[in-house]
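Hi there,

Here is the structure I said I would pass on to you. Have a look at it first, and then read my notes underneath.

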Amino acid sequence: MDSRTLDRISTSVGRLSPGVTEGNQITLSEDGAGWGWHVDPNPLDSSEFLPTASATEFKAADGSPAAGKLDLLIVLIHELGHVLGMPDTASADDSMGGYLTPGLRRLPDAISRPCRRI
Ligand SMILES: [Zn+2]
């Protein structure tokens, strides 16, 4: 990846699905597509989430600030993947999967491993 690609990324907020990317422009829904956003102040610890049977998925604990909301971190990871040329996949277990579940954090494998240690 050319680091200049990251310098050219811009974001905005609009009314649409959780996020849309066109070229280097990422546009996020202002209300998390009606679910509301979970904006994690400490995204590297995933403390609002519980482990699941999948090594890359975490489910919001009941009563967690992430419960029932879309995880802004995974939407940004997904949309950054599009900026880098990655297409949507049909897999539900992939950070480039085209479907989101409120209260679910699905991380790329390289990021999820450190979260598993916490
Ligand atoms: Zn996508």
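**What I found**

Ala-33 sits in the loop that links E3 and E4. Before you go further, keep in mind that this is a predicted model. Back to that loop: Ala-33 is not a glycine, yet its phi is positive, at about 55 degrees. Is it buried or exposed, or something in between? Ala-33 counts as partly exposed, because it has 18 C-beta neighbours inside 10 Å, and a residue needs 20 or more to be called buried.

Now compare that with Ser-46, which you'll find in the loop between E4 and E5. Ser-46 isn't a glycine either, and it has a positive phi of about 50 degrees. This residue is buried, because 23 other C-beta atoms lie within 10 Å of Ser-46.

**Strands and hairpins**

Let's start with strand E2 (residues 19-22) and strand E3 (residues 25-29). They pair in the antiparallel sense, with 4 bridges between them. If you want a spot to click on, Gly-19 stands opposite Leu-28 in E3. The two strands form a hairpin with 2 residues between them, and Gly-23 there takes a positive phi near 65 degrees.

Next comes an open sheet of 3 strands. Which order do they come in? The order is E5-E6-E8, and the pairing is antiparallel. Strand E5 (49-51) and strand E8 (104-106) are the edge strands, so to speak: each of them pairs on one side only. On average, neighbouring strands of this sheet are turned by 30 degrees against each other, direction ignored. As a reminder from class, strands of a sheet pair through backbone hydrogen bonds, either parallel or antiparallel.

You can follow the sheet pair by pair:

- E5 and E6 run antiparallel and are joined by 3 bridges. Phe-49 has Ala-60 in E6 as its bridge partner. These two strands form a hairpin too, with 5 residues between them.
- Strand E6 (residues 57-60) is also joined to E8 by 3 bridges, and this pair runs antiparallel. Here Glu-57 stands opposite Arg-106 in E8.

**Trp-37 and its company**

Trp-37 belongs to strand E4 (residues 37-38). What does Trp-37 touch, once you leave aside its neighbours within four places in sequence? Its contacts are Gly-32, Lys-69, Leu-70 and Leu-72. Take Leu-70: it is 33 residues away from Trp-37 along the chain, but their C-alpha atoms are separated by 5.0 Å. Trp-37 counts as partly exposed because it has 19 C-beta neighbours inside 10 Å, while the cut-off for buried is 20 or more.

**The core**

Leu-70 turns up again in the largest nonpolar core, which has 7 residues. The others in it are Ile-26, Leu-28, Leu-73, Ile-74, Val-75 and Leu-107. E3 and helix H2 (72-83) each supply at least two residues of this core. Which element gives the most? H2 does, with 3 residues. You may have heard the general point that in soluble globular proteins, nonpolar side chains tend to be buried together.

Happy browsing, and write back with any questions!

Note on methods. Residues numbered from 1 in each chain as written. Predicted model: local features only at pLDDT ≥ 70, side-chain atom pairs only at ≥ 80, totals over all residues. Pairing = 2+ DSSP bridges. Axes fitted to C-alpha atoms, helices over the stretch in contact; angles between N-to-C directions. Buried ≥ 20, exposed ≤ 12 C-beta atoms within 10 Å, placed from the backbone. Contact = placed C-beta atoms within 7 Å. Core = buried A, V, L, I, M, F, W, Y, C linked by C-beta atoms within 7 Å.
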